[in-house]
Amino acid sequence: MATIRHALQREVFKPCEESLLSFVNVSKLLKKKKTSFLCITSTNQKPTTIHIHQVKKTDKNTFKKKNTWTIAELISVDGKTASEDNHEFDVQFEKTYRWYAISLQERKNFLLMLWKLCCKHLPKQKPPFRNLPEDWTASVNPLIDLGSPTSSAGLNVTQTSATVGGEGVVSEEADDVDDAGDYRSLTEKEQADLEKMVSQYEFAISNADAFMEVLARDLSILDGENVHSVLATEDIFSGSEKGESKRWLLTGSGGPLDEAIEETDKIEKRLEDYEQSLAGVRRAIQEVEQKNALIELADRNARSLLAELENVVNQLDLYHHHQNALMEADLSQPRGLEDALLASEALRAALNAQIHPALVRLGAVQGQRRRLEKLKGKFSQNLSRHLNNLFIHLGNDTAETFSPPIEEIFTRPWPQGSSAHVPPKHHAQLAPYGPLLGWARAMDRRAYAALARIYSSSLGKLYERDLRRLFEEARSQASDSPIGGPGASSGVAGSASSGTEKKTSAATPGHMSAGGGPLLGSDRETWAGDGSSAAHGSSGGGVTDRRRFDEVLDRALAALEPVCLSEQKFCVRFFHLDVATPDNDKNTQTTLDAPSSEALEDVSSSPNPLPLPQKRAEKLMNEEVRKMMGELFASLEQELISFVAHYEKVDSFYCMSVLVRLGQHVMSAQDAGSFLTVTFGTALVHAKRSFDRLMQAQLRSIQEARPPGGGASAMRRSSNRTTGILPFVANFEDFAKTAESIFKGSERRADLDKWYTKLVGAMFEAIPRTALEQHRTPAEVVKMENFHHLYALLSQLKIAVLDTLRKDAKQKYSEALKAYVTQYFGRPLEKLNQFFEGVQAKVSQGVKESEISFQMAFSKQELRRVIREYPAREVKRGLESLYRKVEKHLCEEENLLQVVWRAMQEEFIQQYKSIEELIQRCYPGSMITLDFTISDILEFFSEIARSH
């Protein structure tokens with residue numbers, strides 16, 4: 001218990017400068033598992049304040065205050081029964097708390113301490129204590145008036161008399177009240193005095209008994225001095241005065257203190273009389289003050305009501321000429337349009353007036369609102385009728401929306417940029433009605449939405465007509481005449497299309513891509529015979545067609561940009577699409593019915609409607625703009641994709657130009673969220689998919705490629721020809737040059753680089769496979785020639801992403817060359833090689849090189865016999881035969897004959913040196929040499945090369 005008391009004092013109350021007087025561990029009556037502590041504390045500073053705290057122990061094993069009350073908030077205390085064995089008790093503050101004490105002794109100490117403190121600090125307003133045992137309160141006299149002005153003096157006197165005369169019952173209880181707490185922390189002065197006293201005696205801690213004897217001796221000395229001091233006071237009295245002084249000093253009555261008390265009672269009685277006399281005056285003054293306050297309150301209320309009514313009248317009043325302008329508006333005339341605009345703004349202000357919800361219930365306010373709503377409906381109807389007729393009339397106009405005209409877009413140079421575009425006529429005709437559309441957007445969303453739909457459907461016909469003409473003219477220009485020449489008729493375009501379709505259909509099945517155009521895996525005749533731009537590389541008619549198509553597409557897209565951007569800006573300004581209006585706008589809902597209590601609270605707490613979040617408002621505005629532009633230019637996306645798809649069917653390589661050109665327009669757009677940018681983005685996705693399909697078809701053609709000359713007729717035509725460069729390797733040069741010319745400086749370069757890696761990687765896999773599948777040319781020759789061609793091509797193109805593959809191609813070419821030389825050059829001095837292989841075998845078996853000549857099979861005579869079989873004339877004849885064989889294997893395109901011949905020369909010289917070295921080591925001093933020297937070998941190879 002002492003440990004918990006010290007912990008509560010140290011952790012909870014000491015930081016607050018409070019002292020713990022008593023505590024009890026309790027739980028709620030029906031929740032006995034959750035315990036807490038009820039604590040009584042007093043403040044250390046004067047005046048003293050008594051608090052009652054509920055302290056709980058947290059999960060971190062620390063104490064925390066949950067509730068705090070002052071003793072003045074205590075209403076009653078109920079012990080439930082007068083038995084001391086009862087654990088329950090109730091304490092009532094603002095509500096009744098029912099507690100269950102864990103310990104009966106703590107409960108007794110807590111309730112008794114609470115009763116004593118109430119007797120001391122609340123003598124007149126002491127709360128009732130019910131059902132407490134009588135013996136608990138018997139030791140304290142509750143009749144002591146601790147609240148009187150003389151309580152402190154009387155208590156001190158009683159204490160003094162109890163000390164001297166022995167009547168100490170009341171004084172002991174008073175001392176208990178004053179020193180209510182069993183535990184009080186030492187002050188700094190007391191702690192310093194205690195430390196000073198202990199330091200004077202070195203044995204104070206080691207010998208407690210001796211220390212107590214010293215303290216007792218000092219105390220007896222002090223008591224003696226006090227007695228001598230009391231007796232010495234007798235000298236100040238003389239005669240009867242001396243006797244009387246002794247008498248009142250000993251009896252405690254009849255002395256100066258009693259006289260002072262009597263004088264104090266008289267003064268208190270006189271003050272009570274004065275207070276009673278002034279009580280009537282005070283009540284009269286209070287009544288007058290209350291009446292004056294009521295009068296001032298009524299006056300303020302009247303003034304506030306008058307001001308509020310004037311504000312309501314001024315806000316809801318609408319001038320008569322404004323009403324006439326709304327009812328009989330002539331919107332076709334400038335004057336009538338101006339009057340209608342002013343009247344509509346006045347009506348808008350009246351309907352949006354901020355009126356207190358209580359005033360909305362007034363009949364006059366509701367009647368005025370009904371009249372205003374009727375005026376709004378009538379004016380909205382007139383406005384809708386007029387603008388409907390105007391929109392329909394403008395939709396039937398025959399004027400073009402493009403500037404310059406469509407006929408001149410592809411036939412002559414015209415300045416790029418929005419400054420060259422002249423807005424359509426309907427923009428200027430409709431601009432004066434923009435403020436009225438803003439009014440309709442705020443006041444009548446249904447009419448506004450209907451007007452927007454009619455505008456989109458009516459003006460959309462104009463744009464649909466002009467878009468169709470634009471792309472028809474683009475097809476004509478791209479299919480027939482070059483840019484800047486006279487326009488071609490649609491019949492010419494149709495004939496060009498049909499001719500192309502015939503050419504495409506005549507191509508060999510499986511050699512064409514899905515959209516038109518040859519594949520890398522097709523043979524050279526099919527590739528070169530196709531009219532596609534890629535088949536002609538960087539020059540030829542195909543490139544001209546592609547460039548013409550690219551320029552036509554660029555001009556068409558450039559012509560679309562100012563038209564769409566101009567219309568989008570006009571729609572945003574005319575229909576006020578940049579103003580966010582929440583769905584639950586106050587203007588669109590009626591306010592005639594009495595609002596609910598929740599609505600009253602919302603309006604009173606926030607008179608202005610809350611704005612939408614910034615990001616959500618921007619998202620809604622962008623969606624609304626794109627929706628309207630999509631209705632106006634509904635055919636744009638379809639026309640653009642159809643135009644691109646038409647040329648992709650003719651030549652699938654056109655999708656690369658479309659991908660690059662659309663990517664440039666999308667990336668250079670000023671507004672990334674505009675309708676035109678989104679539409680171009682959709683077309684760009686279509687072009688990207690077409691590009692991926694094209695590349696996938698090229699990749700598949702490489703993976704499925706077969707050796708050339710698969711049929712019997714092909715074999716007859718090429719019976720004397722070598723396999724040479726494989727078609728997909730040869731075709732890749734034209735393909736790469738075309739792609740590089742299209743994607744040069746483009747931001748879509750990454751798409752091409754990704755497919756470059758896949759295509760060249762597929763070639764690396766297909767070349768060895770195809771070399772093994774064909775039987776016309778040695779596989780090593782096919783690999784050597786094709787990897788050499790691929791390495792030369794990649795070195796010429798200088799494509800950064802293919803640099804690693806370029807190095808790999810060079811390595812594979814070198815490996816194939818070495819393998820071919822090793823396989824077909826072989827060992828021209830075969831018997832010599834076999835002879836020295838036997839020599840090396842004997843040496844490896846342990847025979848010394850100097851003793852090899854003593855072996856019968858490897859004697860000097862045997863060596864001379866083998867050497868005589870390879871005279872210089874026979875060696876030269878064998879080399880000439882080898883040269884003719886190599887010449888038949890290699891193709892003329894790569895011109896690798898001299899490279900291979902030089903490699904064979906180096907191989908022959910290496911074998912010659914090896915034989916000469918073995919002769920010198922194993923047959924020293926024998927003067928045995930070959931019939932020819934290295935210079936002879938060099939001369940043989942040189943003569944053979946020159947002769948052919």
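**Reading a predicted fold: cavities, strands and salt bridges**

Guide: L38, I52, W69, V91, F93, W99, F110 and L114 line the second largest cavity. The model is predicted, and every value below is computed from it.

Visitor: How is an internal space found, and how many cavities of 30 Å³ or more does the whole structure hold?

Guide: Rolling a probe the size of a water molecule over the atoms shows where empty space is left. Here, a search of the whole structure gives 2 cavities of 30 Å³ or more. The second largest has a volume of about 40 Å³.

Visitor: One lining residue is L38. Which residue of strand 1 is its bridge partner?

Guide: The partner is V24, with L38 itself in strand 2. Strand 1 and strand 2 (residues 31-43) run antiparallel and are joined by 10 bridges. The connection between the two is a hairpin of 2 residues.

Visitor: What other strand is joined to strand 1 by bridges, and in which direction do the two run?

Guide: Strand 7 (residues 96-101) is joined to strand 1 by 3 bridges, and the two run antiparallel. In that pairing V26 stands opposite A101.

Visitor: Is strand 1 largely enclosed or largely open?

Guide: The count of buried residues is the thing to read, with buried meaning under 20% relative accessible area. Strand 1 (residues 18-28) has 10 buried residues out of 11, so the rest of the structure largely encloses it.

Visitor: Next, the surface. Which residues make the nonpolar surface patch of about 220 Å²?

Guide: L194, M197 and L215 make that patch. M197 belongs to helix 6 (residues 188-200). Its relative accessible area is 31%, so M197 counts as partly exposed.

Visitor: How many salt bridges are there, and how should I read one?

Guide: The count is 27. For each pair, look at the N to O distance, the separation along the chain and the exposure of both residues. Take D90 and K80, whose side chains meet at 3.1 Å, N to O. This pair links distant parts of the chain, 10 residues apart: D90 is in strand 6 (residues 88-92), and K80 is in the loop between strand 5 (76-78) and strand 6. D90 is buried at 11% relative accessibility, whereas K80 is partly exposed at 29%.

Visitor: What is the separation of R348 and E345 within their helix?

Guide: They are 3 residues apart in helix 11 (residues 334-351), which means a separation of about one helical turn. Their salt bridge has an N to O distance of 4.0 Å. R348 is partly exposed at 26%, and E345 is partly exposed at 35%.

Visitor: Which residue forms a salt bridge with R661?

Guide: D550 does, at 2.4 Å, N to O. R661 lies in helix 24 (residues 654-667) and D550 in helix 20 (residues 541-574), so the salt bridge ties together parts 111 residues apart in sequence. R661 is buried at 16% relative accessibility, and D550 is buried at 18%.

Visitor: Which residues are linked in a network of salt bridges?

Guide: R335, E338 and D339 are linked in this way.

Visitor: A last case: where does P828 lie, and how far is its C-alpha from that of L879?

Guide: P828 sits in the loop between helix 30 (803-825) and helix 31 (830-844). The C-alpha atoms of P828 and L879 are 8.1 Å apart, with a sequence separation of 51 residues. P828 is partly exposed, at 29% relative accessibility.

Methods
Residues are numbered from 1 along each chain as its sequence is written. This is a predicted model: local features need pLDDT of at least 70, side-chain atom pairs count only at pLDDT 80 or more; totals for chains, interfaces and linings use all residues. Side-chain values use heavy atoms; hydrogens and water are left out. Buried means under 20% relative accessible area, exposed over 50%, partly exposed in between (1.4 Å probe, protein chains only). Helices (H or I, at least four residues) and strands (E, at least two) are DSSP runs, numbered from the N terminus. Two strands pair if DSSP finds at least two bridges between them. Patches are made of residues with over 30% relative accessible area and no salt bridge: like charges are joined within 9 Å, nonpolar side chains (Val, Leu, Ile, Met, Phe, Trp, Tyr) within 5 Å. Accessible areas come from the Shrake-Rupley method with a 1.4 Å probe; for residues, only the protein chains shown count as cover. On a 1 Å grid over the protein atoms alone, a cavity is a set of points where a 1.4 Å probe fits but cannot get out, and a pocket is an open set with protein on both sides within 12 Å along at least five of seven lines; lining residues have an atom within 4 Å of a point. Grid points are joined across faces, edges and corners, and a volume is the space filled by probe spheres set on the points.
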